[in-house]
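Q: I am new to this structure and would love a close look at one part of it. Could you walk me through the aromatic residues and their surroundings?

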Amino acid sequence: MLEELRITGLGVIEDATLPLGPGLTVITGETGAGKTMVVTSLNLLFGGRADAGRVRADPGRATVDGRLTLPTHVRTAVESRIADAGAAVDDDGSLLMSRTLTAEGRSRAHLGGRTVPVSLLSEVGERVFALHGQSDQLRLLRPAEQRGSLDRYAGAGHEKLLGQFAELYNRWRAVEDDLADRRANARQRSQEAELLKLGLDEITRVDPQPGEDELLREEAQRLEHVEGLRSAAQLAHMAMSGTGDGGDDVADVLSLISTARRTLEAQSGVDRVLGELAVRLDEVATLAGDVSTELGTYLASLDADPGRLEEVYERRAALRALTRKYAEDVDGVVAWADHARTRLAELDTSDGLLEELDRERQRLHGEVAELAAVLSAARHEAAGRFAADVTVELAGLAMPHARIQVVVQPKPVGNGPSVTTAAGESGVGPDGADDIELRLLPHPGAPAQPLQKGASGGELSRVMLAIEVVFAGAGGPPTLVFDEVDSGVGGTAAVEIGKRLARLARDHQVLVVTHLPQVAAFADRHLVVAKDIGGAVTTSGVTVVEHTDRARELARMLAGLPDSDLGIAHAEELLSVADREKSRA
């Protein structure tokens with residue numbers, strides 16, 4: 001639940017705080033007062049697209065802050081996700097959210113006190129927030145939206161089936177496209193394969209090993225300077241061990257260290273410091289002995305071998321020939337060969353492979369057709385229930401004789417892929433082999449017409465609200481926002497919409513921007529957006545209205561006369577009716 005919303009520097013709103021809460025909150029105000037900015041701010045807060053043109057010139061930055069209390073059923077998932085970004089829920093269980101937009105178009109998002117990507121606000125918003133505006137009515141006219149509504153209604157099991165179908169369909173199309181490409185481009189593939197084979201043959205003959213070029217460089221350098229290396233190693237070994245070429249003993253490092261250690265040990269009983277230094281000299285002696293031994297081993301391994309040096313030169317020349325053609329170093333050549341082998345498998349156009357791919361294509365095609373039939377049957381079953389539930393809600397929205405039909409029919413067969421099921425041949429896509437169409441029968445005897453042809457604006461508003469009420473019964477986001485979805489509606493229908501919104505608000509936080517007093521009368525909390533044109537720049541603020549002030553606002557909405565005694569009396573009567581209806585629900 002969104003507990004509070006603060007808006008600064010957005011459109012006509014300079015600085016406004018909206019106290020929110022559970023139940024039904026309505027937002028009203030004169031045309032142009034800034035009601036749309038409230039909806040825009042909510043959209044921004046939950047990761048929506050930013051429009052820098054909405055930012056006020058002074059101060060040149062718009063900020064939307066919100067405090068969100070997470071419901072139990074989504075709290076664990078949201079906390080886990082935001083923890084990855086270093087954000088956290090406050091000790092009182094609330095989550096602070098913020099979005100800043102500058103006049104230059106730069107946008108920043110904060111969550112739980114941490115800077116986060118805007119996409120993370122969107123992820124949180126998907127779980128807790130749903131916005132429905134007049135544009136949603138237009139989306140409802142699209143076939144894809146209608147199919148999505150039915151699939152969403154059918155439940156989690158159906159959506160899992162839909163995901164399985166999409167994965168299977170994509171695998172089938174990938175094999176289909178691969179087979180078609182191999183057949184259509186056999187000559188080009190064959191030419192590319194020949195070039196790759198030539199390269200692989202050359203590399204295989206040389207058989208380069210990872211890191212070999214560097215090892216050979218070091219070996220060549222050692223063989224080229226073997227005399228200088230032997231001389232240096234011999235001098236160092238003599239200094240360590242004391243043995244010269246003639247066998248004469250000379251002062252050596254190991255003997256000197258041993259003498260120093262024994263001298264200090266003799267005095268260690270008198271002074272502890274000398275004893276500690278003696279221990280350290282013992283460690284030095286051990287290290288010096290190891291170095292002496294390794295120098296001896298190194299001298300034994302040095303060999304001036306002109307034949308080996310020539311072999312190294314020849315091997316390095318062979319490797320350079322490969323690096324000139326295929327990569328910058330030997331490791332790159334090895335990687336090129338691995339990639340070439342993989343690519344050769346992709347280029348294969350042999351009859352055996354083509355036959356294998358064709359069998360795989362046919363197998364997957366059969367599975368797609370089979371699962372499409374299962375998906376279609378599930379949609380037919382859900383369509384009847386969906387139509388019945390929405391029709392019941394329409395009856396409560398002053399459309400007692402209207403009926404909704406949900407028609408599930410095969411996709412038309414065109415230039416795209418198709419499948420054959422028990423219902424016959426139909427086109428198929430990643431969403432199945434069905435087209436879904438919502439049709440409205442506004443009254444008995446009238447023909448069923450697609451929504452895009454047979455529904456007025458007011459009827460569309462009610463159909464969409466009816467669908468949302470049906471969805472709300474099955475869960476969904478805890479906060480629902482409706483932006484003037486009652487456009488084109490009046491009279492009894494407006495009262496019924498108010499009832500439905502109030503009923504929806506029993507289990508959800510519902511925010512409604514409305515121009516209808518019949519809807520506003522059902523609110524648990526009434527906010528008014530009002531303009532102040534007293535200064536050089538027009539600004540708007542938001543206030544909570546109660547009691548007499550609320551009646552005056554409804555009177556303004558009813559007749560444009562907030563101070564009319566008759567208008568106020570009418571508004572008070574409307575509030576009384578709404579209270580009675582809410583108490584009966």
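A: A residue counts as buried when its relative accessible area is under 20%. With that cut-off in hand, tyrosine 169 is buried, because its relative accessible area is 9%. Please keep in mind that this is a predicted model.

Let's stay with this tyrosine and meet its partner. Tyrosine 169 shares helix H6 with tryptophan 172, three residues away, or about one turn of the helix. Tryptophan 172 is buried too, as its relative accessibility is 2%. The ring centres of tyrosine 169 and tryptophan 172 are 5.8 Å apart and the planes stand at 75 degrees, so this pair is edge-to-face. Ring pairs also bring in Phe165, making a cluster of Phe165, Tyr169 and Trp172. Tryptophan 172 has another companion: arginine 173 lies over its face, 5.0 Å from the ring centre.

Further along, helix H6, which spans residues 156-184, also holds valine 175. Valine 175 is buried, since its relative accessible area is 15%. Leaving aside residues up to four places away in sequence, valine 175 touches Leu357, Glu360, Arg361 and Leu364. Valine 175 and leucine 364 are 189 residues apart in sequence, yet their C-alpha atoms are 8.7 Å apart in space.

Back to the rings: the structure holds five aromatic pairs. One of them joins phenylalanine 46 and phenylalanine 129, stacked with centres 4.4 Å apart and 10 degrees between the planes. Phenylalanine 46 sits in the loop between helix H1 and strand E4, while phenylalanine 129 belongs to strand E8, so the pair ties together parts 83 residues apart in sequence. Both phenylalanine 46 and phenylalanine 129 are buried.

Technical notes: Residues numbered from 1 in each chain as written. Predicted model: local features only at pLDDT ≥ 70, side-chain atom pairs only at ≥ 80, totals over all residues. Heavy atoms only, no water. Helix = DSSP H or I, 4+ residues; strand = E, 2+ residues; numbered from the N terminus. Buried < 20%, exposed > 50% of the residue type's maximum accessible area, 1.4 Å probe, protein only. Contact = heavy atoms within 4.5 Å. Phe/Tyr/Trp six-rings, centres within 6.5 Å; stacked < 30°, edge-to-face > 60°. Lys NZ or Arg CZ within 6 Å of the ring centre and 35° of its normal.
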